[in-house]
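This report looks at one helix, one ligand site and a set of charged pairs. Please keep the structure open while reading.

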Amino acid sequence: MNILGIETSCDETAAAVVVDGFSVRANVVSSQIAQHALFGGVVPELAAREHLKSIQTVTDAALKESGCSLDNIDAVAVTSAPGLIPALLVGVSYAKGIAVARHLPLVGVNHFIAHIYGAFMDHAEVLRNPSFFPILALVVSGGHTALVLIQKDGGTKIIGTTLDDAAGEAFDKAAKILNLGYPGGPLIDRLARQGDAKTVVFPRGLSAHSPGRAPKEENRFNFSFSGLKTALWYHVSGKDFTDSELKDVIASYQAAIVDVLVEKTMDAAAEYNAGIVVACGGVACNSSLRETLEKSFSQSQRQLIIAPPNYCTDNAAMVAGVAYHYLLKNKPVNQDLPVHARLNYDLEYVPFAPGASSEL
Ligand code: KG4
Ligand code: ZN
């Protein structure tokens, strides 16, 4: 089954053609970073206009690269939640247009679920094997930070989430405070490699491993990054740093984020006896997070899958991939597809677990 995927939830216009859920024939992403960098963050209205400008070109490029024309496409998949409403509307309207004109099924996909699926694009075998379940997913992006448990029947449970900023926001806002540019994650990642992470002891929000400061039980797997951001602000405001001192501050700041993400992922994996742990979303591109997760899991019994960088950041292959499983499971398709800004729309189950019902 050839599925055309469309993604416009934030600041990447993306289209992909994926065959049978896993075989990626084309995965085209056009970034709007340059336009939003002027404002230090994503401007929803501007994002929508930029999507409108490039969606046709990006889709044409994906079709061409895949060797398909619309005549060979069997279904259209599109991110319909969560995201910036004006941005989502462009992708959904465009996808509806193709679906209606071509009499194709239109499948709305939750972006958060698509990020999780990004970790399985190269690991179809895991999704066929019930013994790997429950799977624990660490989803870390610009909009979300959560630990999600996925059962073999596809049922999902968010066991922890952020109480304030997402991990990606913690990177982006720090870069803003330090005048590094936008988006902050990749810039901080690069500069932190040249600094000493032990120089400044930044707070580890809600860490169960901070002596005498254990979080309440209900926050054991929750995250909080706003205190860290404030601590950075107090640490740097009104002071001059040499380049080398600044790199030490940046490395120390990044370590505070990475430590908490890894610690809570390890603890949750043990608590829920996860068969496999996956890490996904834009922040999962972070080199220190990847290395620290790999090192920590190499000493445990559990298998770790970190999504490859091109499936961590926003893309449409993960969207087309999820839609394949919805179609296999006979989910009713809806040409009136609405958009939703909120995370929890259609999040109760994932269609790609081995025991997911055949009648979703
Ligand atoms: O998943 P994504 O592309 O979009 C959302 O759904 O939000 O994630 C974007 C986020 C941004 O906050 C960006 O700064 C962060 O991912 N990011 C990184 C890195 N690459 C992207 N954060 C830390 N280190 C990176 N290398
Ligand atoms: Zn995303």
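Which residue follows H3, and is its phi positive or negative? The residue is His103, and its phi is positive, near 55°. Keep in mind throughout that this is a predicted model.

## Helix H3

Helix H3 covers residues 85-102, which makes 18 residues, and the distance from its first C-alpha to its last is 25 Å, close to the 26 Å expected at 1.5 Å a residue. An α-helix has 3.6 residues a turn, so residues three or four places apart point the same way. With that in mind, it is useful to look at the buried residues of H3, which are Ala87, Leu88, Val90, Gly91, Val92, Tyr94, Ala95, Ile98 and Ala99.

These buried residues pack against several other elements, namely strand S1 (2-7), helix H2 (44-66), strand S4 (75-81) and strand S5 (106-110).

## A salt bridge from H3

Side chains of opposite charge can pair when their charged atoms come close. Arg102 forms such a salt bridge with Asp71, and the closest N and O atoms of the two are 2.6 Å apart. Because Arg102 lies in helix H3 while Asp71 lies in the loop between H2 and S4, the pair ties together parts that are 31 residues apart in sequence. Arg102 is partly exposed, with a relative accessible area of 37%, whereas Asp71 is exposed, with a value of 61%.

## Other charged pairs

In the whole structure, a search finds nine salt bridges. One of them joins the side chains of Arg193 and Asp189, with 3.3 Å from N to O; here Arg193 is exposed at 58% relative accessible area, but Asp189 counts as buried at 8%.

Glu217 and Arg220 also meet through their side chains in a salt bridge, at 3.8 Å from N to O. Glu217 is exposed, with a relative accessible area of 60%, and Arg220 counts as partly exposed at 25%. In addition, a network of salt bridges links Asp165, Glu169, Lys173 and Lys229.

## The surroundings of ligand 1

How many residues surround ligand 1? There are 20, and the closest are Gly142, Asp172, Asp189, Gly282 and Asn286. Asp189 therefore appears in this list as well as in the salt bridge with Arg193.

Oxygen atoms of ligand 1 take part in several contacts: one is 2.7 Å from an N or O atom in the side chain of Asp172, one lies 3.3 Å from a backbone N or O atom of Gly143, and one is 3.1 Å from a polar backbone atom of Asp314. Of the 550 Å² of accessible area that ligand 1 has on its own, the protein covers 91%.

Notes. Residues are numbered from 1 along each chain as its sequence is written. Chains are lettered from A and ligands numbered from 1 in the order in which they are written. This is a predicted model: local features need pLDDT of at least 70, side-chain atom pairs count only at pLDDT 80 or more; totals for chains, interfaces and linings use all residues. Side-chain values use heavy atoms; hydrogens and water are left out. Helices (H or I, at least four residues) and strands (E, at least two) are DSSP runs, numbered from the N terminus. The expected span of a helix is 1.5 Å times one less than its number of residues. Buried means under 20% relative accessible area, exposed over 50%, partly exposed in between (1.4 Å probe, protein chains only). Contact means heavy atoms within 4.5 Å. A residue is near a molecule or strand if one of its heavy atoms lies within 4 Å of it. A polar contact is a pair of N or O atoms within 3.5 Å; within protein, one must be able to donate a hydrogen and the other to accept it, and residues adjacent in sequence count only if both atoms are side-chain atoms. Accessible areas come from the Shrake-Rupley method with a 1.4 Å probe; for residues, only the protein chains shown count as cover. A salt bridge is a side-chain nitrogen of Lys or Arg within 4 Å of a carboxyl oxygen of Asp or Glu.
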